[in-house]
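Here's a quick tour of a protein with a ligand in it. Have the viewer open and click along as you read.

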Amino acid sequence: MLRSFEEVVKRAKELDQEITISVAAAQDKDVLLAIKSAQDMGLAKAILVGDADLIKPLMIEIGLSPEMSIIHEPDMSKVGLVAVSLIREGKAQVLMKGLLNSSDFLRAVLNGQEGLRTGRLLSHLACLEIPGEEKLVFLSDGGMNIAPTLAEKKDILINSLLALQNVGINCPNVAILTANEMVNPKMPATVDAQALVAMSDAGELLSCIIEGPIAMDVAMNPEAGKHKGITSKIAGKVDLFLVPNIETGNVASKVLIHFAKAQMAGIVLGATHPIVLTSRAETPKGKLYSMALACLAASGVQKGGQ
Ligand code: COD
């Protein structure tokens, strides 16, 4: 169990691996502050790709060593691919989104000839530290796959379960979220949830305790289940929430951030290397935590896990 992002950072720092992060469009103060923290604590180094004329003054302002590598690429239509090329050339092991649109960044990652595709589905995994909760919770996919099919949901689950294994959670409690617990053909998410649980029962997923269709209240609170006459092994102790579409996941994470003061980290899974994908509005802390999470996932790459 991971209790906090401080624990993620501590575990990432303890890894015996040299990580360099390739940052696409690094001309952003919050990104550079996160890079500075990562470098100061010995977590990772970085190569900054972007408009050097904008990056250099920001580096001076925050006291980032001028020796840090910068690759000058002011053209926003090229910056993603240049950052990706550093990964392909083995100069960096983690890719990070800076000050560019998520879709443009992801298109560089997905580029057929020059991207980081593996043949597997790529998916976004959010990790949330929620005040009052005793452990970190994971949620997918609120960042990349817009309206996943059943087969894509299976791949999203497998990506997430592999990543959770890499961070030491070997048999997570998984909730396939829907609006209620009844399978209803008019609510396709409930039909998919039932099918995913059947796949798990048939041994097609990785080790986990999975329930669905299940609504958020039952997943969060054992008392809610009792009232509804539902028995659940995972109620109140879910590690991973699978959401039916990007809007559900994106809105759920942002509601937790804004109303419950949660802290979020975000990474993309299923590519050749781990990818840090946070909102441009994410705080330097959130970006640092995402880097640490990606470094832990990178340790799985080296073991052949991710
Ligand atoms: N995994 C692997 N391959 C993929 C994936 C994926 N998740 N998505 C698309 N591909 C492949 C396709 O098979 C195809 O070969 C090629 O990539 C292009 O596919 P399109 O035409 O569907 O892809 P795009 O470029 O139109 O869209 C891909 C995006 C990831 C950019 C798109 O899905 C997107 O914008 N997602 C939402 C990003 C976002 O706004 N997130 C919210 C903020 S974080």
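## A buried aspartate and its partner

Let's start with Asp 192, which sits in helix 7 (residues 188-201). Keep in mind that this is a predicted model. Is Asp 192 buried or exposed? Its relative accessible area is 15%, and the cut-off for buried is under 20%, so Asp 192 counts as buried.

Asp 192 has company in there: its side chain makes a polar contact of 2.8 Å with the side chain of Lys 153. Lys 153 is itself one of the buried residues of helix 6.

## Helix 6, end to end

Helix 6 covers residues 150-166, which is 17 residues. At 1.5 Å a residue the expected span is 24 Å, and the C-alpha atoms at its ends are 24 Å apart, so the two figures agree.

The buried residues of helix 6 include Ile 156, Leu 157, Leu 161 and Leu 164, but also polar ones such as Asn 159, Ser 160 and Asn 166. After the helix comes Gly 168, with a positive phi near 95°.

## Who surrounds the ligand

Now for the ligand. How many residues surround it? There are 15, and the closest are Ser 103, Arg 107, Leu 122, Gly 143 and Met 144. By type, the shell splits into seven nonpolar, five polar and three charged residues.

Helix 5 gives the largest share of the shell, with five residues. Why does the ligand lie between the two domains? Domain 1 (1-117 + 271-306) and domain 2 (125-265) both give residues to the shell, so the ligand lies between them.

## Polar atoms at the ligand

Three pairs of atoms are worth a click. A polar side-chain atom of Arg 107 is 2.7 Å from a ligand oxygen. For Arg 117, a polar side-chain atom is 3.2 Å from an oxygen of the ligand. Met 144 uses its backbone instead: an N or O atom there lies 2.9 Å from a ligand nitrogen. Taken on its own, the ligand has 880 Å² of accessible area, and the protein covers 60% of that. Two elements give two or more residues each to the shell: helix 5 (102-110) and helix 10 (246-259).

## A closer look at Arg 117

Arg 117 lies in the loop between helix 5 and strand 5 (123-129). Its relative accessibility is 51%, so Arg 117 counts as exposed. To get a sense of scale, pair Arg 117 with Leu 256: they are 139 residues apart in sequence, and their C-alpha atoms are 31 Å apart in space.

Methods: Residues are numbered from 1 along each chain as its sequence is written. This is a predicted model: local features need pLDDT of at least 70, side-chain atom pairs count only at pLDDT 80 or more; totals for chains, interfaces and linings use all residues. Side-chain values use heavy atoms; hydrogens and water are left out. Helices (H or I, at least four residues) and strands (E, at least two) are DSSP runs, numbered from the N terminus. The expected span of a helix is 1.5 Å times one less than its number of residues. Buried means under 20% relative accessible area, exposed over 50%, partly exposed in between (1.4 Å probe, protein chains only). A residue is near a molecule or strand if one of its heavy atoms lies within 4 Å of it. A polar contact is a pair of N or O atoms within 3.5 Å; within protein, one must be able to donate a hydrogen and the other to accept it, and residues adjacent in sequence count only if both atoms are side-chain atoms. Accessible areas come from the Shrake-Rupley method with a 1.4 Å probe; for residues, only the protein chains shown count as cover. Domain bounds come from an automatic or database domain assignment.
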